[in-house]
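Subject: Structure for your review

Dear colleague,

Please find below the structure that I am handing over to you. I would be grateful if you could read the notes after it alongside the coordinates.

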Amino acid sequence: MKKTLSLLAFISFSILFAQQKINLNYYLPQDITYNSNIPTPESVLGFQVGKWHTSHDKLVQYMYALADASDRITIENRGKTYEDRPLLLLTITSPKNHQNIESIRTEHLKLSDATLSSSLTIDTMPLVIYQGFSIHGNEASGANAGLLVAYYLAAAEGDYINELLDTTIILFDPSYNPDGLNRFASWVNTHKNQNLTTNNADREYNEAWPRGRTNHYWFDMNRDWLVSQLPESQARIKSFHQWKPNILTDHHEMGTNSTFFFQPGIPSRTHPLTPKLNQELTGKIGKFHAKALDKIGSLYYTEESFDDFYYGKGSTFPDINGGIGILFEQASTRGHTQQSDNGILTFPFAIRNQFTAALSTQKAGKNMRTELLTYQRNFYKNAQREVSKDRKQAIIFGDAADRTKTYQFAAMLKRQNITFNKLKTTVKTNGNSFSPDHSYIIPANQPNYRMLKAMFEKRTTFKDSLFYDVSAWTLPLAFDMNYGYVANTTAVGDAITSPTPPEGKVASQSNYAYLFEWDDYNSPNTLYKILNSRLRAKVAMKPFSLNGKNYDYGTIMVPAQNQKIAADKVYELLTKVAKKTGVNIDAANTGLTKGIDLGSSNFRILKKPTIAVLVGDGITSYDAGEIWHLLDTRYDIPVTKLDTRNLSSANLSKYSVIIIPNANGSALNKAKENLKTFAENGGTLIGYRNSLKWLNTNKFIKLNFKKQKPKTKNIPFDQRQDFRGAQVIGGAIFEATIDRSHPINFGYNNTKIALFRNTTVFVKTDSVTNYKAPIQYTKNPLLSGYISKENLKAMSGTIPFKTAKLGKGKVIVFTDNTNFRAFWYGTNKLMMNAIFFGKMM
Ligand SMILES: [Zn+2]
């Protein structure tokens, strides 16, 4: 019966829509009045919500218009996206609360500090709700509904709204992903027909690569909440910690033939650090959504998909911060109207469901206010109790040889309000010696203890073998960061208020040569800047020592003489470079060393790389975007994005390095000869993950794949997907040993490395070669995360890296993504080594 009603609603509405008669009444509660001094969305946008996809610029215009007209709203711009779009936040509450907003905020924050929260009077405290929309830009019904939610909060009149605004502070984030939202709006509006077509074959519903889901550099921003590497996340996380909301909502879209989903997700996949009560409260909030959706006849479901495991997602991140995160997923029209299993699905219908869920969230918050405030207080009180039982009272981290990476790690902790201190004395733990100059200590006894735990823990046992996303993210492993635990806090020194990026300098002027080691994260951009200034530089293939200092494999040497510029200008230039990158450069006044002398043929000449990365159909946009972002924003190295569409006829002789991110080989078939010629003529071709299969089939490199087929027996029909899913490596962390003398490993100081992996491409070692594999998985390589027994067995001893000659050039392959989601700092250097030293491998 419910289904029939909702189908009728679809059909009658689609007729209404075709006649372009959408009006506000369709969306808004009709049992109240609205303040006519508040501008409606239509009065600012020039069209009714749902007729077009609102561009981000118009959305911004409307939010400012509302803030201007309403004393319930203040607005702030917290920063900019990569495309310079503002990152807005509206604070919406009663005018009376606005007058005391700062004291309300500081009182609220005390709930998350067990040492201050006991004396708080929860009865009179407002609840904090953070509502945000469309972090996936092409899931636009959320952000378009947001226009209506903001209007409703500004214009609605009567007792209910007055009480709601008195008892809640609504932090309103109208667009989590402005660049993606705008990219998608342009696409669907560009292709919209006046006579709407419901046929999903229409170009309107088939976005071109890379589509609008991601941000400017093609990152899925709903994986960045914990590691906060992107500007959009950084602004948002700052607001989050300024307020510590009790509820945070995240409005998404899913497949067109689905209905509407709200959390709880699959119960068995909840992260064990999340309290059970969190999920119970999520369920209780869910009853408010159910009731509201019942009322408008919309179908929905809960608990059967999605999960609360990875804290990097918007709906899970609050769960480790004393709040309740809630995911909404609406069936997507991916445009203006589409035929679906549930009848004709219109954009306004999708918007109305999101709007309805946004209002039911507010209602739940209002009704459950004291319960949610109490939950938050207890969350932090219980965490404090756990700390006292923890034998690991502090964590020490730092890498003396890599100041940039240590700084980046510290900055990430700071963004999440993790407090850490200077180290008072040298401490030895976990096989490392940590010196006060280059290390920090994190006391476990702090309000964010649980989040700290979630960042550092290694986990290898799980209740469920299926994951919506990665199963591990252990951050010190991702950063290849030296760290260790201590059982007391005696080494805790002064607090660090804000970590500062390292300053680099040239030790002194030399008339002979300059040297810097390859250990720092910023060594590659230091080298690039030098080569780009047309200076000659060489790399040491062996270690040596000079003036009592040991220089490792991969040390860069820049001669002072016989350069294109005079020796004093070389000094000036290097000083500028060092200042910019933070890398220290030494001066050498003699070529005579212990070990290889500076004039030795074991110093190999380096050439400035000219890099292209393949993008477009057949390439995974995330992987391509990670490479683009790394080179463009971290390393300041120009990169050409070559579209697979034009690859067969592209002039590849312009490049010295071409990178193939994860690829579906068939898109490369036409360009096979062109790519082969490129390598045979001396180019370096770097391939990742599934592109290895194509490179092997087409004889670029010979790879011996190890196959593993799990035995299926007696699997019931309804569990067949779970069985297959359990064989997927969704994302886990594995250990490999490295040969430090091989150029692929230059800059790494330990003989072991942690690698992130999300494929089941296993490559066997070569029995014909007598050389040690430069990188090889250990016998039992799992460090953190989920992998099936069968896969773990297959993976044991395989190699994640291989290189081969092809004509005058090189083919270099990685089975794993070394650039995952911008936070795998630890393996970024592997790709940079392939780029700079590929010729020497
Ligand atoms: Zn989504």
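The notes below cover the metal site and then the largest pocket. Please bear in mind that this is a predicted model.

Metal site

The zinc ion is held by His136 and His252, each through ND1, and by Glu139, which is listed with two OE donors. The coordination distances run from 2.0 to 2.7 Å. Along the chain, the donors fit the spacing H-x2-E-x112-H. Distant parts of the chain are thereby linked: Glu139 sits in the loop between β3 (127–133) and α7 (141–155), while His252 belongs to strand β5 (residues 247–254), 113 residues apart. Both Glu139 and His252 are buried.

The geometry of the site of the zinc ion is irregular, with angles of 53 to 154° among the four donor atoms. The site is not classed as tetrahedral because that would require all angles to lie between 85 and 135 degrees.

Largest pocket

The largest pocket holds about 700 Å³ of space. Its lining comprises 23 residues, and those nearest the centre are Pro29, Ala292, Lys295, Leu359 and Lys363. By residue class, the lining has 13 nonpolar, four polar and six charged members.

Which helix gives the most to this lining? It is α12, with six residues. Helices α2 (24–27), α8 (159–167), α11 (276–295) and α12 (347–367) each contribute at least two residues.

Yours sincerely

Definitions and conventions: Residues numbered from 1 in each chain as written. Predicted model: local features only at pLDDT ≥ 70, side-chain atom pairs only at ≥ 80, totals over all residues. Heavy atoms only, no water. 1 Å grid on protein atoms, 1.4 Å probe; cavity = no way out; pocket = protein on both sides within 12 Å on 5 of 7 lines; lining within 4 Å. Points joined across faces, edges and corners; volume = space filled by probe spheres on them. Helix = DSSP H or I, 4+ residues; strand = E, 2+ residues; numbered from the N terminus. Nonpolar A, V, L, I, M, F, W, Y, C, P; charged D, E, K, R; others polar. Donors = N, O, S within 2.8 Å, 3.2 Å for Na, K, Ca; no water. Tetrahedral: all angles 85-135°; square planar, octahedral: opposite > 155°, others 65-115°. Buried < 20%, exposed > 50% of the residue type's maximum accessible area, 1.4 Å probe, protein only.
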